[in-house]
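Here is a short set of exercises for getting to know a structure step by step. Have a try at each task before you read its solution.

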Amino acid sequence: MELSTATLLGAWVSIFLTICILSFLYEDNPVYKLAEHLFLGVSIAVSVVEAYYGTFKPNMLDPVGRAATAVASGSDPGWDAVSVIPLLLCGVLFLKLVPKLSWVARIPIAFLVAMFAGLKLTGEANANLMTQVAESMPNLGQLWIDHGLWDWSADGAGVISGLVLVLGLCACLLHFYFSAPHNRPLRVVSRFGVLMLMFGFGASFGYTVMGRISLAIGRAQELLGLDRSLEQNAVVHPRIATLASIVLLVGVLAVWKLRGGKPESDEATES
Amino acid sequence: MKRTLPLIITFFVGIVMVGEFFIPHYGYRMLTDEFLQWGLVLAAAAYLLGIVNLIQVNIPKITQRKPDWFYKLIMLLSLAITLAIGFIGGQDRQVEGAAYRWVYSSVFTPLSATMFSLLAFYIASAAFRAFRARNLDAGLLLGAAMLVMLARVPIGENLPYIGEGLGHLMNWIMDVPNTAARRSIFIGGALGAIATGLRVILGLERSHLGD
């Protein structure tokens with residue numbers, strides 16, 4: 001099997017950069033910081049390039065170009081002419097860099113914030129308020145017919161779970177209700193809400209940890225060549241790349257330590 | 001003028017966008033769609049403004065050899081090179097063999113995945129120090145987290161007698177108590193977003209204008 005030099009180099013670079021980031025587990029060091037800043041630069045550039053080709057070009061530059069061509073040829077630019085307005089707003093936004101005229105940049109900022117505020121106002125009310133409330137009210141009759149009180153084979157679906165869901169939700173909401181003092185009856189309900197929240201936070205925490213660990217497993221698989229075919233591994237040699245990267249990194253860290261290198265936090269404490 | 005005009009624009013645009021929900025007319029929808037496109041274009045332009053700001057902040061640090069100047073240089077170089085190959089690649093930047101695709105798959109993807117996977121070690125370490133079943137609340141937190149983690153790995157799924165039940169229990173925890181807790185937070189968040197949105201549109205919240 002043949003792989004291009006770029007693919008081969010890409011595999012080795014990927015492994016080397018993975019090791020560089022993982023070196024932070026030892027302590028903050030120059031190699032990690034190098035990889036971190038490389039990541040910063042690349043990720044900002046990727047965001048900008050994707051924003052340009054995904055939004056800027058199709059929604060503004062292309063219509064403006066079409067309108068300009070139409071005007072130049074003496075025909076009607078039609079709706080495309082409207083795209084001059086966002087172009088002007090973008091131009092005004094960059095006046096933020098001119099101290100004397102920076103206040104003018106408030107106009108596009110006001111437009112942007114108001115647009116998203118208006119959109120979120122109805123969007124949140126519709127999606128996260130009305131829908132969530134409607135979804136939370138269980139159809140107990142249907143639950144009884146389908147699952148009875150508790151159906152273990154359907155992950156505990158049934159009347160009990162339906163009631164726990166709606167009562168738990170009400171209790172959690174009441175826990176965050178501060179317009180009335182939390183005296184005895186409200187305190188009991190609020191306490192139930194806290195227990196539900198703890199349950200929920202614990203489950204979310206476990207879910208997040210597992211997500212992160214599966215990412216870590218993915219990286220380990222790449223380092224050990226378990227995510228490639230045997231033929232690809234025979235060309236890329238990921239384990240040799242990993243070993244070489246570790247040796248190189250240990251060498252760099254040893255030299256850094258011998259030259260009196262310290263993590264940034266230690267330096268800050270000393271100064 | 002400096003303050004009133006942005007406030008008038010905020011009110012007008014905000015009311016127009018809210019009106020979309022109440023006026024189901026195609027002409028009105030076209031207007032709000034156009035506003036949305038302009039907003040997205042402005043948000044993309046804000047990225048460019050951010051880059052200019054990044055350069056303005058970091059170039060003096062590099063030229064004056066301030067601490068960590070070398071890392072700033074690496075950041076700006078990687079930014080410039082990736083931008084250049086992204087724009088040179090154009091619409092074909094993601095095709096097989098393109099330089100931008102190489103940077104994306106060999107530098108960006110492994111770096112971002114490793115950065116996030118690094119958190120696994122710190123979350124586990126923090127949990128080990130913070131999770132103590134001192135009372136019922138902490139016990140529930142710990143128990144739910146342990147159950148979800150155990151039920152999602154092969155060793156938990158294959159435990160004799162309780163392996164299958166663990167999966168059902170995990171699904172119940174995710175579907176019922178976790179949903180109740182998450183929904184309460186979503187509803188609270190939605191109420192907060194509505195209140196903030198109203199404050200912005202009515203000009204009571206002016207922090208975005210630098211006030």
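Helices here are DSSP runs of H or I with at least four residues, numbered from the N terminus. Keep in mind as you work that the model is predicted.

**Exercise 1. Place B:Asp68 in chain B, describe its backbone, and find its partner in chain A.**

Step 1: location. B:Asp68 sits in the loop between helix 2 and helix 3 of chain B, the latter covering residues 69-89.

Step 2: backbone. Most residues other than glycine have a negative phi. B:Asp68 is not a glycine, yet its phi is positive, near 70 degrees.

Step 3: exposure. B:Asp68 counts as partly exposed because its relative accessibility is 26%, and that class lies between 20% and 50%.

Step 4: partner. A:Lys33 forms a salt bridge with B:Asp68, with 3.3 Å between the closest N and O atoms.

**Exercise 2. Describe the interface of chain A and chain B.**

Step 1: count the residues. On the chain A side, 112 residues are in contact with 113 residues of chain B.

Step 2: look at the area. The size of an interface is often given as the accessible area lost when the parts come together. For chain A and chain B this buried area is about 10600 Å², and carbon and sulfur atoms give 80% of it. Within chain A, the residues that lose the most area to chain B are A:Tyr53, A:Arg106 and A:Phe199, together 7% of what that side buries.

Step 3: look for polar links. Across the interface there are 18 residue pairs in polar contact, both residues being at pLDDT 80 or more. The elements giving two or more residues to the chain A side include helix 1 (5-22), helix 2 (30-72) and helix 7 (184-224). Helix 2 of chain A brings the largest share, 28 residues.

Step 4: sort by class. The side of chain A that touches chain B has 75 nonpolar, 24 polar and 13 charged residues.

**Exercise 3. How many salt bridges are found across the interface, and where do A:Glu50 and B:Arg93 lie?**

Step 1: begin with the idea. Side chains of opposite charge can pair when their charged atoms come close.

Step 2: count. The structure holds 13 salt bridges over all chains, and 3 are found across the interface of chain A and chain B.

Step 3: take one pair. A:Glu50 and B:Arg93 form a salt bridge, their closest N and O atoms being 3.0 Å apart. A:Glu50 lies in helix 2 of chain A and B:Arg93 in the loop between helix 3 and helix 4 (99-130) of chain B, so the pair joins two chains.

Step 4: check exposure. A:Glu50 is partly exposed at 29% relative accessibility, whereas B:Arg93 is buried at 8%.

Step 5: turn to pairs inside a chain. A:Lys57 and A:Asp62 meet in a salt bridge at 3.4 Å, N to O. In chain B, B:Glu96 pairs with B:Arg101 at 3.3 Å; B:Glu96 is exposed at 67%, while B:Arg101 is partly exposed at 31%. Finally, a network of salt bridges links A:Arg219, A:Glu222, A:Asp227 and A:Arg228.

**Exercise 4. Is A:Met196 buried or exposed, and which residues does it touch?**

Step 1: locate. A:Met196 is in helix 7 of chain A.

Step 2: decide. With a relative accessibility of 5%, A:Met196 counts as buried, because the limit for that class is under 20%.

Step 3: list contacts. Leaving out residues up to four places away in sequence, A:Met196 touches A:Val164, A:Gly168 and A:Cys172, along with B:Pro177, B:Ala180 and B:Ala181.

Step 4: compare with B:Leu36. This residue is in helix 2 (residues 26-63) of chain B and counts as partly exposed at 23%. With the same sequence neighbours left out, B:Leu36 touches A:Met115 and A:Leu119.

**Exercise 5. Why does A:Cys172 form no disulfide with A:Cys170?**

Step 1: find the distance. The sulfur of A:Cys172 has its closest cysteine sulfur in A:Cys170, 9.3 Å away.

Step 2: compare with the cut-off. A disulfide needs sulfur atoms within 2.5 Å, so this pair is too far apart for a bond.

Step 3: widen the view. Over all chains, the count of disulfides comes to 0. A:Cys172 is also buried, at 0% relative accessibility.

Notes: Residues are numbered from 1 along each chain as its sequence is written. Chains are lettered from A and ligands numbered from 1 in the order in which they are written. Side-chain values use heavy atoms; hydrogens and water are left out. Contact means heavy atoms within 4.5 Å. Buried area is the accessible area (1.4 Å probe) that two parts lose on being put together, summed over both. A salt bridge is a side-chain nitrogen of Lys or Arg within 4 Å of a carboxyl oxygen of Asp or Glu. A polar contact is a pair of N or O atoms within 3.5 Å; within protein, one must be able to donate a hydrogen and the other to accept it, and residues adjacent in sequence count only if both atoms are side-chain atoms. Ala, Val, Leu, Ile, Met, Phe, Trp, Tyr, Cys and Pro count as nonpolar, Asp, Glu, Lys and Arg as charged, and the others, Gly among them, as polar. Buried means under 20% relative accessible area, exposed over 50%, partly exposed in between (1.4 Å probe, protein chains only).
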